[in-house]
Amino acid sequence: MSGTRRRGGRGARERILQAAATLFYEEGIHATGIARLVETAEVSTRTFYQHFPTKTALVEEYLRTYETGLARQIEQKLTREGLTPQDQLLALFTMIAETFPGPSGVVSTRGCPLHNAAVEAAGHMPDVRELVHQHKNGITEQLTAIAARAGAAAPEQLGRQLTVLLEGATALSTSLDSPCPRHDALEAARVLIDHALPEAGVN
């Protein structure tokens, strides 16, 4: 029988979200149309719209799902037994330096899905932009709080600087299609933290 197989019913929403995670991340949000999504998810267009009234609604749910998983990863990384505040400041840099998959489960240098979405949203998806802003500000606040616990003289400044380094590394890694900027960022973060915490030093 020719044509794409369609499966509705149980699991359709999850398949649509998984298709979105793969296609939005690997091919881009604007480049991925509804027809491509329903084909990959093996659902009908009608089933798609039963779960997501618009493509933008799917984009937002895709990003919320990714953010929830990322927050869980970060929490696990930061709360590992025996980590000092200095170690915690480096934890996110260690995480991005390691080889880890994107939201689609495929190892990639496509960068941060939230950053990519913010670039693509560019004035057309205000709710997406707000979601990304909240996440990125949250990372800065989290690093600032850790810097304060580590005894930094200017924790807000250090938090902002580390966020810039973190974002720059993932963006450059995407531009060069190389993991090298992530490793360079880890070493640069060591120097920056060591300078901010001269008494404590960094492992």
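**Helix α5 and a small-volume cavity**

Let me begin with α5, which is mostly covered, since 11 of its 13 residues are buried. Please keep in mind throughout that what we are looking at is a predicted model.

The buried residues of this helix are Gln86, Asp87, Gln88, Leu89, Leu90, Ala91, Leu92, Phe93, Met95, Ile96 and Ala97, and among the elements that cover them are α4 (55-78), α7 (126-150), α8 (155-176) and α9 (180-196).

Turning to geometry, α5 runs over residues 85-97, and from its first C-alpha to its last it reaches 19 Å, which is close to the 18 Å expected at 1.5 Å a residue. Where is the kink in α5 centred? It is centred on Ala91, with an angle of about 35°, and Ala91 is also one of the buried residues I listed a moment ago.

Now to the cavities. The structure holds two of 30 Å³ or more, and I will speak about the second largest, whose volume is about 40 Å³. Its lining is made up of Phe24, Tyr25, Ile29, Tyr62, Arg110, Pro113, Asn116, Ala117 and Glu120. The elements that give two or more residues to that lining are α1 (12-27) and α6 (113-121), and of the elements involved it is α6 that gives the most, with four residues.

Which classes of residue make up the lining of this second largest cavity? Counted by class, there are six nonpolar residues, one polar residue and two charged residues.

Technical notes. Residues numbered from 1 in each chain as written. Predicted model: local features only at pLDDT ≥ 70, side-chain atom pairs only at ≥ 80, totals over all residues. Heavy atoms only, no water. Expected span 1.5 Å × (residues − 1). Bend = angle between axes of the 7 residues up to and from the residue. Buried < 20%, exposed > 50% of the residue type's maximum accessible area, 1.4 Å probe, protein only. Contact = heavy atoms within 4.5 Å. 1 Å grid on protein atoms, 1.4 Å probe; cavity = no way out; pocket = protein on both sides within 12 Å on 5 of 7 lines; lining within 4 Å. Points joined across faces, edges and corners; volume = space filled by probe spheres on them. Nonpolar A, V, L, I, M, F, W, Y, C, P; charged D, E, K, R; others polar.
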